[in-house]
There are 2 protein chains.
Amino acid sequence: MSSVPSQNGEPADSGRQRRRLTAGIKGSLRDLSNQLSLLNHHVGARVELKDADLDCLDLVNRHGPLSPSALARRAGLHPATMTGVLDRLQRGGWIAREPDPADRRAVAVRALRSRNAELFGLYEGMNAAMDDICAGYSDAELELLGDFLRRTTSAGRHAADELANG
Amino acid sequence: MSSVPSQNGEPADSGRQRRRLTAGIKGSLRDLSNQLSLLNHHVGARVELKDADLDCLDLVNRHGPLSPSALARRAGLHPATMTGVLDRLQRGGWIAREPDPADRRAVAVRALRSRNAELFGLYEGMNAAMDDICAGYSDAELELLGDFLRRTTSAGRHAADELANG
DNA sequence: AGCGTATCATATGAGTTCCGTACCATCGCA
DNA sequence: TGCGATGGTACGGAACTCATATGATACGCT
């Protein structure tokens, strides 16, 4: 809603420059993805959680109580695998399985907040660094960045869906 | 920590707005990370590669020939695990292990380009979507975005290093 | 030069995880 | 009320991870 594209009635040379910039964005995005995965991996190692476990925990923390099967779909995991993931998360005191009053087959996975401070502490370095980085931008620039990130996420979701279903 | 007065001569409201924007960026970044991981997961499934395998392949593709141990450090994997990863990648024809002429203990892992078109095809949807997104920005905006991504990646690297070593 | 230690990649084996399948309880619908 | 579909999980074989051990080689120190 905020980013305003600028039209390009520009010199003939600008095409190459543009491609370079776009390729740079895509490359940086790959690096970023790798690096964030690695960060998650190390955080997970500190609390004895697999990468996928941490992903699922994040999903539950972020998107409220969810059923195991919905979680499995979102995380791209086999339902039977999700049982194991949830077992580990439950054993570690990260989540609780509650009966769903509306459907007695179903289970609602709820995040317990008790260990969240611990997690937050592990992300504190990254968190502070992001605050620093963001502090250098104007409000308008931050909106531009946020908008870009959301659009890119949406593109990723779309591409993943296409691979999964199409 | 819900109400911190603004310290400078700005409108009383601006601090809150800023925090909202910054928090939004961080949240979007998490979503993005999850989504890109999921995309990689699906891509990997199409070519029978684990997530970690794909990460390693990307590292080799991107950062040239590397030794297994250097790769293990970069990917946050145990050296013995890396042997298994490389076995799979080699069996699939993604990489080759070459002797390092400078150090006869060492091995250089080289990416074979033969199957890269296949991978590229799987990322085609995302690739095109990113082109679309980028097309809406001016050169200056693209530079801003790229700079942000690089800085964020660097922050992630720093935070991960601190967790791994510190 | 020679010896000890560090490093490199990988083999081995125990423990863990993944996932196809099966199973039972429950739901939605005709 | 009956029947197919769905939800969650148990089970078991295959695959994976990782600590340790091993053999080869490099490097530092005297």
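These are my notebook entries on the DNA surfaces and the helix contacts between chains A and B.

**Setup**

I worked on a predicted model, where local features need pLDDT of at least 70, side-chain atom pairs count only at pLDDT 80 or more, and totals for chains, interfaces and linings use all residues. Residues are numbered from 1 along each chain as its sequence is written, chains are lettered from A and ligands numbered from 1 in the order in which they are written, and side-chain values use heavy atoms, with hydrogens and water left out.

**DNA strand D**

I looked up the residues near strand D, a residue being near if one of its heavy atoms lies within 4 Å. I found 18 residues around DNA strand D, the closest being P68(A), S69(A), R97(A), R105(A) and H78(B). Of the strand D atoms within 4 Å of the protein, 68% are sugar or phosphate, and the rest belong to bases.

Next I checked polar contacts (pairs of N or O atoms within 3.5 Å; within protein, one must be able to donate a hydrogen and the other to accept it, and residues adjacent in sequence count only if both atoms are side-chain atoms). H78(B) places a polar side-chain atom 2.9 Å from a phosphate oxygen of strand D. For a polar side-chain atom of R88(B), the distance to a phosphate oxygen of strand D is 3.2 Å. R104(B) uses a backbone N or O atom, 3.0 Å from a phosphate oxygen of strand D.

Which elements give two or more residues to this surface? I listed helix 3 (68-75) and helix 4 (79-91) of chain A, together with helix 4 (79-91) of chain B. Helices here are DSSP runs (H or I, at least four residues), as strands are (E, at least two), numbered from the N terminus. I sorted the surface near strand D into six nonpolar, five polar and seven charged residues. Nonpolar covers Ala, Val, Leu, Ile, Met, Phe, Trp, Tyr, Cys and Pro; charged covers Asp, Glu, Lys and Arg; the others, Gly among them, are polar.

**DNA strand C**

I turned to strand C and found 18 residues around it, the closest being H78(A), P68(B), S69(B), R97(B) and R105(B). Sugar and phosphate make up 70% of the strand C atoms within 4 Å of the protein. A side-chain N or O atom of S69(B) lies 2.3 Å from a phosphate oxygen of strand C. H78(A) has a polar side-chain atom 3.0 Å from a phosphate oxygen of strand C. What does the side chain of R105(A) reach on strand C? I found one of its N or O atoms 3.2 Å from a base oxygen. The surface near strand C has six nonpolar, five polar and seven charged residues.

**Helix 7 of chain A with helix 6 of chain B**

I read an angle of about 155 degrees between helix 7 (residues 139-164) of chain A and helix 6 (residues 124-135) of chain B, with axes 9 Å apart. Axes are lines fitted to C-alpha atoms, for helices over the stretch in contact, and angles run from 0 to 180 degrees between N-to-C directions. The pair is therefore roughly antiparallel. Angles under 35 degrees count as roughly parallel, over 145 as roughly antiparallel, 65 to 115 as roughly perpendicular and the rest as oblique. Contact residues (heavy atoms within 4.5 Å) include F148(A), R151(A), A129(B) and M130(B). By class, the contact has seven nonpolar, three polar and one charged residues.

**Helix 7 of chain A with helix 7 of chain B**

I noted about 75 degrees here, with axes 11 Å apart. The two helices are therefore roughly perpendicular. E141, L144, L145, F148 and L149 of chain A meet E141, L144, L145, F148 and L149 of chain B. I counted eight nonpolar, no polar and two charged residues in the contact.
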